Amino acid sequence: MIKSPKRIAIYVYNPERKVVPSYVLYFLSKLKEAVNEIIVIINGKIDEKEKQKFECIKPALYERETKAPLFYCYRKGFFCIGNEKLNLYDEIIFASSNCMGPIYPFGAFFNKMSKCDVDFWSTVKCPPLNKN
């Protein structure tokens, strides 16, 4: 367990409308408080005016010309970061514009999870695994 893990987030924005919804910018602004860097992959085309809305978050911004499956966009994020830079981080957060919130601050959430001895965790609630 690392006391103050260095975190990078790969966030995929799927432009369903012609405007970037405010909930996307809210999510990213709160995420920025808990991570060291954010990579935003725009999964499709948006206007330059709409791209400028991301400037308040100051992410590394990459655009894909054609829509792709979510995990392909995360793969693009990995390539944009590169192996050398990726090795500087302790944790990678995967998120997308399908996520809304946060209802509670990310900082408290990440602090709680940093005390757990796990390699992978998710915010999705699921039944416990049968260890037998």
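Trainee: Where is the place of Asn-14?

Mentor: In this predicted model, Asn-14 belongs to neither of two elements, β1 with residues 7-13 and α1 with residues 22-32. Its place is in the loop between β1 and α1.

Trainee: Is Asn-14 buried or exposed?

Mentor: The relative accessibility of Asn-14 is 12%, and buried means under 20% relative accessible area. Because its value lies under that cut-off, Asn-14 counts as buried.

Trainee: Which residues does Asn-14 touch, not counting residues up to four places away in sequence?

Mentor: Contact here means heavy atoms within 4.5 Å. Once residues up to four places away in sequence are left out, Asn-14 touches Asn-43, Lys-67, Leu-70 and Ser-97.

Trainee: Why are the buried residues of α5 said to be on the same side of the helix?

Mentor: In helix α5, residues 106-114, the buried residues are Phe-106, Phe-110, Met-113 and Ser-114. An α-helix has 3.6 residues a turn, so residues three or four places apart point the same way. On the other side of α5, Ala-108 and Lys-112 are exposed. The buried residues are put on the same side because they cover an arc around the axis of only 105°.

Trainee: Which elements do the buried residues of α5 pack against?

Mentor: The partners of these buried residues include β4, which spans 91-96. Named in full, the elements they pack against are β1, α1 and β4.

Trainee: What is the area of the nonpolar surface patch that includes Phe-78?

Mentor: Phe-78 has its place in helix α3, residues 70-81, and is partly exposed, with a relative accessible area of 31%. Together with Ile-92 and Phe-94, Phe-78 makes a nonpolar surface patch of about 230 Å².

Terms used:
Residues are numbered from 1 along each chain as its sequence is written. This is a predicted model: local features need pLDDT of at least 70, side-chain atom pairs count only at pLDDT 80 or more; totals for chains, interfaces and linings use all residues. Side-chain values use heavy atoms; hydrogens and water are left out. Patches are made of residues with over 30% relative accessible area and no salt bridge: like charges are joined within 9 Å, nonpolar side chains (Val, Leu, Ile, Met, Phe, Trp, Tyr) within 5 Å. Accessible areas come from the Shrake-Rupley method with a 1.4 Å probe; for residues, only the protein chains shown count as cover. A salt bridge is a side-chain nitrogen of Lys or Arg within 4 Å of a carboxyl oxygen of Asp or Glu. Helices (H or I, at least four residues) and strands (E, at least two) are DSSP runs, numbered from the N terminus. Buried means under 20% relative accessible area, exposed over 50%, partly exposed in between (1.4 Å probe, protein chains only). The arc is that of the directions from the helix axis to the C-beta atoms.
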